[in-house]
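Trainee: I would like to learn how to read a fold from its coordinates. Please show me the case we are to discuss.

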Amino acid sequence: MMPLPEPALSSALDEETARSELYGLLAQVYYAPPAPEFLANLRLSGTEAPAAGAFLEEPWRALVGAARALTDAQIAAEFETLFGGVGKPEVYLYASHYLSGFLNEKPLARLRTELNALGLARDEAMSETEDHIAYLCEVMRYLIAGDDVAVANLTRQQSFFATHMQPWTGLLCDAVAQHPKASFYAAVAELTRAFMSVEAQGFDMLA
């Protein structure tokens, strides 16, 4: 998988592009401390949600407000406090931790089997395992915006989301939002929670 690019922050997008864009934004902020250019764009963006659905308006507005209220250095320090450091992080970003209680367990093995079936492989330059939330968001972005319609289609999106994201992302959002040192990332967590709810409702309508 390629290194994470900067997602655009335009709101004048069709629904599928908007979904892909928001997955890309979440991948960006969960993978590493946001780059100064990314934060500058975020602070200048409108407070209308970048994806369709009024349900996302308030969490998007809160995220933009949090970015405007904090410096780049404060946001980077918050990322390191929550997710970085040596040894056990304050908050885990890996599906296996929430699904099994341990890292590198059966959920990761099942994920790797599915990624292989999708023709996807982890970029060796990535330091994180494939069950990291940023990687999973990147997979969803590919399944939405990829050119290979045999893989990038709604059926695959629904299956991947239901199996590898929906069961645990709410727990991650709780862990981040409830952390006493979370400010910018508390807003990220609430946007994540709202977006995952919209996605789940959308996929339920396909059933």
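Trainee: How much area does the protein expose, and what share do carbon and sulfur atoms supply?

Mentor: Accessible areas come from the Shrake-Rupley method with a 1.4 Å probe, and for residues only the protein chains shown count as cover. Here the protein exposes about 9,800 Å², and carbon and sulfur atoms supply 55% of that area. This is a predicted model, in which local features need pLDDT of at least 70 and side-chain atom pairs count only at pLDDT 80 or more, while totals for chains, interfaces and linings use all residues. Residues are numbered from 1 along each chain as its sequence is written, and side-chain values use heavy atoms, with hydrogens and water left out.

Trainee: What percentage of the residues count as buried?

Mentor: Buried means under 20% relative accessible area, exposed over 50%, and partly exposed in between (1.4 Å probe, protein chains only). Of the 207 residues, 48% count as buried.

Trainee: How many helices and strands are there?

Mentor: Both are DSSP runs numbered from the N terminus: helices are H or I with at least four residues, strands E with at least two. The protein has 10 helices and zero strands.

Trainee: Where do α6 and α8 meet?

Mentor: Contact means heavy atoms within 4.5 Å. Arg-110, Leu-111, Glu-114 and Leu-115 of α6 meet Ser-159, Phe-160 and His-164 of α8.

Trainee: What does the C-alpha trace span along its principal axes?

Mentor: The span is about 45 × 40 × 30 Å.
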